[in-house]
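Trainee: I should like to request a close look at a single part of this model, the sheet of chain A and the helices that lie across it. Please take the elements in turn and explain the terms as they arise.

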Amino acid sequence: MIKWFLAFFILFTTSVLAYTKTVKITVKGMVCGFCAQGVIKKFKSEPAIAKVEVSLEKKLVTLDLKKGQDFADHKIEEILTDAGYDVEKIER
Amino acid sequence: MTALRLLIILNLIAMASLAHAHPVAYKGATGVMTWNQPFLGDDWLTYSFRPDAAVAARHMRFEVPEGRLHFYGPQLDYLAKRWNQLDSQANIYLYGSYGGLNFQDRTHGAGFGGVEADAESRKHFVMIRYEKMWSDLGPDFYHAEFRLGIAPYEAEMNEIASWLMVQYQWHPMLTRKYAITPLIRLFYKNVLFESGVSTDGDWMLNFMFHF
């Protein structure tokens, strides 16, 4: 029983640590790559964020978060508002 | 092209590497814009301290029938209104400055104000701008500019974007009263370059950079 408990515990903690979240944000006004450079710069400077991708065609900013990290919606909205855009939708 | 003109262009490009395109960029952005035509020069160094406001240092060169004028001054730029839609963005900017106007080795105080409106999608671009300068040196200076643009393809973030544009300028005080200039705009990441030749044969070379 103890062996099973330990195995479950190790499996559980490993899966939590390995879990990375992806956040998809639909953005209004993001039509120009020259102006959207600020979005990449600001998100990249956040320690919780591992990778930032911007698609002008899909109007989408995709954030890959670092293992075990989270990034609040209000911070996402603040960064995008400071960059001059409006948030349409945040999906996690 | 003369060696002096080439040197000036290289200088402007080098200056750009120190330091934007819209009067206000994203919060914390620093940028440079240089605008170069034989009858008009315009250089901006801008810092956006809020999403809707920026401070700038501006220099303008005007070629008038009596000679060359230079305007230097600090400037405050304000994003008065922005409309963000999924496929488009439109803006109205206001800006004002008070600085010095230099002409024939004399410098006079001068005020400067402007309004700019633009709208763009990934395929279309339109912009109109009006500026006026007041000085005790002589009659008020004013000019207007209008641009229409179309993108031959919709570039993604990691691609070179290109735009084909037509620009109309009206400045009755300058040696060239008006100019129609077809131009090409190219940008990649945070570097933007524009070049064109007017129907009168005047070259135009503009460069923008922000970080």
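**The sheet of chain A and its helices**

Mentor: Helix α2 (residues 37-44) of chain A lies across β2 and β3 (60-65) of chain A, and its direction makes an angle of about 170 degrees with β2(A). Helices (H or I, at least four residues) and strands (E, at least two) are DSSP runs, numbered from the N terminus. Axes are lines fitted to C-alpha atoms, for helices over the stretch in contact, and angles run from 0 to 180 degrees between N-to-C directions. Contact between two residues requires that their C-beta atoms, placed from the backbone, lie within 7 Å.

This is a predicted model, in which local features need pLDDT of at least 70 and side-chain atom pairs count only at pLDDT 80 or more, while totals for chains, interfaces and linings use all residues. Residues are numbered from 1 along each chain as its sequence is written, and chains are lettered from A and ligands numbered from 1 in the order in which they are written. Here pLDDT is the predictor's confidence in each residue, from 0 to 100. For the complex, the predictor gives an ipTM of 0.79 and a pTM of 0.83.

Helix α3 (residues 73-82) of chain A lies across β1 and β4 of chain A, at about 150 degrees to β4(A). The sheet beneath discussion is open and has four strands in the order β2-β3-β1-β4 (chain A), with antiparallel pairing. At its edges are β2 (49-55) and β4 (86-91) of chain A, each of which pairs on one side only. From one strand to the next, the twist averages 20 degrees. Two strands are taken to pair if DSSP finds at least two bridges between them.

One pairing may be followed to the residue level. Strand β1 (residues 22-28) of chain A is joined to β4(A) by five bridges, and the two run antiparallel. Within this pairing, Ile25(A) has Ile90(A) in β4(A) as its bridge partner.

The chain as a whole gives the context. Chain A contains three helices and four strands, which follow the pattern α-β-α-β-β-α-β along the sequence. Among contacts in chain A with a separation of 6 or more, 62% are between residues 24 or more positions apart. Of its 92 residues, 27% count as buried, meaning that 20 or more other C-beta atoms lie within 10 Å of the residue's own, with C-beta atoms placed from the backbone; 12 or fewer would make a residue exposed, and values in between partly exposed.
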